[in-house]
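Biologist: Hey, I'm new to this one. Could you put it on screen and walk me through it?

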Amino acid sequence: MDVPAFCMLNSWKVGTGMSETKWQNWSGWVKAHPHTFYKPQTEDELTTLVAEARGQIRVAGSGHSFTPICESDGTLFSLEKMSGLIASDQEARTARVFAGSTIRDLGPLLHNQGLGLINQGDIDRQAIAGAVATGTHGTGKSLKNISAAVVGFRLVTPSGDILNCSAEENSDVFHAGRVSMGGLGIMTEIELQCTPAYALEERGGRLSVADLFDTLDTLRDDNRHFEFFWFPFADDVLVKTLNISDVGPKPRKRAPDGQDGPADIAFRKLCEISRFAPFLRGRFQRQMTEQGGSRYAGDAPGRSRWSHDAFPSDRNVRFNEMEYAVPAERGPDCVREIAAHMRSCGVNFLFPIEYRYVAADDAWLSPFFERDSVTISIHQYHKQAYAKLFGGVEQIFRKYAGRPHWGKLHTLAAGDLQALYPKWDDFCAVRNRLDPEAKMLNPFLRKILGVS
Ligand SMILES: Cc1cc2nc3c(=O)[nH]c(=O)nc-3n(C[C@H](O)[C@H](O)[C@H](O)COP(=O)(O)OP(=O)(O)OC[C@H]3O[C@@H](n4cnc5c(N)ncnc54)[C@H](O)[C@@H]3O)c2cc1C
């Protein structure tokens with residue numbers, strides 16, 4: 001097939017080879033060699049290209065998943081040129097956006113309409129469709145993941161048809177498609193339930209591990225957003241809260257993507273030293289806990305910012321990550337067991353455990369399907385091997401009936417996953433109907449979804 005030059009990322013030899021990396025994920029561990037990489041600018045263009053594509057088709061967002069979920073040796077699409085706000089409804093507090101928009105770009109666009117996203121995760125670099133497709137979440141006992149805010153979407157199916165999906169229209173595709181890892185087709189537009197623009201005050205500090213578990217339920221219940229970070233070799237944890245603020249929010253000056261701040265430079269240095277001097281990791285973890293805790297000054301008011309400025313951190317020190325969602329009531333036991341394992345397993349690591357809350361939802365493959373959950377994530381510096389560390393912790397997650405984050409590392413296959421998801425077979429039936437030839441599936445997704 002002729003490849004129109006206007007929508008190729010680079011020109012290269014179509015179908016000839018695996019020599020050049022055309023795409024890689026954020027951590028750098030996943031490299032892809034698609035024979036064709038398209039960046040369409042319109043839905044019409046995309047639809048034609050999908051219908052004509054031969055072989056496997058995948059779509060990538062911003063590449064912030066840690067698994068080979070976007071990998072393709074066939075055709076890879078990016079919707080980064082299909083970005084921006086399409087319309088908003090002030091009364092219903094909804095916004096229709098192009099699926100390739102990054103969460104970062106959407107922040108000010110929604111704010112100008114007097115709206116904000118109900119919740120956000122730790123970073124805002126993801127494409128909104130990429131975040132939705134994996135069930136990306138923030139923290140908050142009564143708050144659901146980003147996919148649960150989706151009230152409708154348009155989907156280009158593998159045969160090149162367009163479906164409008166909502167609770168009323170093509171409702172089975174809507175329930176299957178919100179969290180579907182790009183396995184049903186390509187979303188082009190997404191309608192999001194938003195909330196009136198709001199500001200958040202950030203606070204936090206250091207707590208002993210014993211005090212944390214004594215007060216955990218209160219911290220969870222008394223804050224709109226509560227999470228903690230635990231360096232397993234430290235005796236204290238870092239807690240962080242965000243709550244609605246009436247204080248005039250200060251604008252946030254963001255560094256350009258990938259530009260290190262002083263904290264990044266210092267942390268990267270510690271990662272480099274400790275990977276060659278593992279005996280220092282305990283001291284470094286205690287130091288970082290101490291310094292992190294002093295960022296919040298006693299009872300003084302925390303910093304107040306508009307929500308889209310308050311949620312995201314800039315993460316420039318690269319890592320790989322595993323995260324599972326476990327039933328909320330089992331979270332404390334699970335995290336204690338994980339920390340004990342990490343201290344005794346003999347693997348060198350520096351990053352903290354992160355602990356968050358997510359409310360139950362109804363998307364068939366959401367890790368939070370009908371289950372209030374706690375998410376627990378572990379990280380490994382990108383230059384260090386992660387398999388042994390993550391493998392040991394994964395055994396613990398499985399004891400607690402954990403469901404893996406779809407964008408983060410895990411080793412489960414269809415047989416394991418089917419038992420964790422009550423609507424698994426319904427999802428597979430929709431997928432099979434829309435894509436009987438499994439054009440949208442790469443080997444990783446075939447393993448997950450049990451398609452040979
Ligand atoms: C530093 C960092 C911090 C993170 N923090 C969090 C966090 O706080 N909370 C959390 O839950 N996760 C977090 N993640 C994970 C991340 O949010 C998810 O992996 C997310 O899916 C990445 O979005 P992306 O746009 O990069 O998508 P990609 O990783 O590029 O793709 C993810 C999936 O989306 C699909 N997809 C992309 N575009 C479309 C489309 N138009 N239509 C259909 N499917 C599509 C892809 O096919 C793929 O299956 C973090 C990751 C990193 C690297």
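Modeller: Sure, let's begin with one residue pair: Ala-95 has Leu-192 in S11 as its bridge partner. Keep in mind that this is a predicted model.

Biologist: Which strand pairs with S11 there, and over how many bridges?

Modeller: That's strand S7, residues 94-98, and S7 and S11 pair in the antiparallel sense over 5 bridges.

Biologist: What about strand S8 and S11, how many bridges do they have?

Modeller: S8, residues 115-117, pairs with S11 over 3 bridges, in the antiparallel sense. If you want a spot to click on, Gly-116 stands opposite Thr-195 in S11.

Biologist: And strand S9 with S11, parallel or antiparallel?

Modeller: Antiparallel, with 6 bridges between S11 and S9, which covers residues 150-156. Leu-155 has Met-187 of S11 as its bridge partner.

Biologist: Remind me, what holds strands of a sheet together?

Modeller: Backbone hydrogen bonds: strands of a sheet pair through them, either parallel or antiparallel.

Biologist: OK, zooming out. How many helices and strands are in the chain?

Modeller: The chain has 13 helices and 19 strands.

Biologist: How is the chain divided into domains?

Modeller: Domain 1 runs over 85-197 and domain 2 over 199-404. Their C-alpha centres lie 25 Å apart.

Biologist: How many residues are in contact between domain 1 and domain 2?

Modeller: 27 residues of domain 1 are in contact with 25 residues of domain 2. On the domain 1 side, helix H2 (103-112), S8 and helix H4 (171-177) each supply at least two residues. H2 gives the largest share of that side, with 3 residues.

Biologist: What kinds of residues make up that side of domain 1?

Modeller: The side of domain 1 that touches domain 2 divides into 14 polar, 8 nonpolar and 5 charged residues.

Biologist: New topic: which strands form the open sheet, and in what order?

Modeller: The order is S15-S12-S14-S13-S17-S18-S16-S19, so to speak from one end to the other, with 8 strands and antiparallel pairing.

Biologist: Why do S15 and S19 each have one side left without a neighbour in the sheet?

Modeller: Because strand S15 (303-306) and strand S19 (403-404) stand at the edges, each with a single partner strand.

Biologist: Take S15 then. How many bridges does S15 have with S12?

Modeller: 4 bridges, with S12 (residues 199-208) and S15 pairing in the antiparallel sense. Within that pairing, Ala-199 stands opposite Trp-306 in S15.

Biologist: And S12 with S14?

Modeller: S12 pairs with strand S14 (residues 236-244) over 9 bridges, again in the antiparallel sense. Look for Leu-207, whose bridge partner in S14 is Val-237.

Biologist: What about S17 and S18?

Modeller: S17 (residues 353-358) and S18 (residues 373-381) run antiparallel, and 5 bridges join them. Glu-354 has Ser-377 in S18 as its bridge partner.

Biologist: Let's talk ligand. How many residues surround the ligand, and which are the closest?

Modeller: There are 32 residues around the ligand, and the closest are Gly-61, Gly-121, Gly-130, Gly-182 and Gly-407. The elements giving two or more residues to that shell are strand S4 (57-60), helix H3 (128-134) and strand S11 (186-196).

Biologist: Which one gives the most to the shell?

Modeller: H3, with 5 residues. Across the shell around the ligand, 15 residues are nonpolar, 14 polar and 3 charged.

Biologist: One more residue: where is His-64?

Modeller: His-64 is in the loop between S4 and strand S5 (75-78).

Biologist: Does His-64 count as buried or exposed?

Modeller: His-64 counts as buried because there are 21 C-beta neighbours inside 10 Å, and the cut-off for buried is 20 or more.

Biologist: What does His-64 touch?

Modeller: Leaving out residues up to four places away in sequence, His-64 touches Trp-26, Arg-125, Gln-126 and Gly-130. Gly-130 is also one of the residues closest to the ligand.

Biologist: And how does the chain's radius of gyration fit a compact globule?

Modeller: The two agree: a compact globule with 452 residues would have a radius of gyration near 22 Å, and the chain has 22 Å. The C-alpha atoms fill a box of roughly 60 × 50 × 40 Å along the principal axes.

Biologist: What share of the residues counts as buried?

Modeller: 47% of the 452 residues.

Methods: Residues numbered from 1 in each chain as written. Predicted model: local features only at pLDDT ≥ 70, side-chain atom pairs only at ≥ 80, totals over all residues. Near = placed C-beta within 6 Å. Nonpolar A, V, L, I, M, F, W, Y, C, P; charged D, E, K, R; others polar. Pairing = 2+ DSSP bridges. Domains from an automatic or database assignment. Contact = placed C-beta atoms within 7 Å. Rg over C-alpha atoms; globule rule 2.2 N^0.38 Å. Buried ≥ 20, exposed ≤ 12 C-beta atoms within 10 Å, placed from the backbone.
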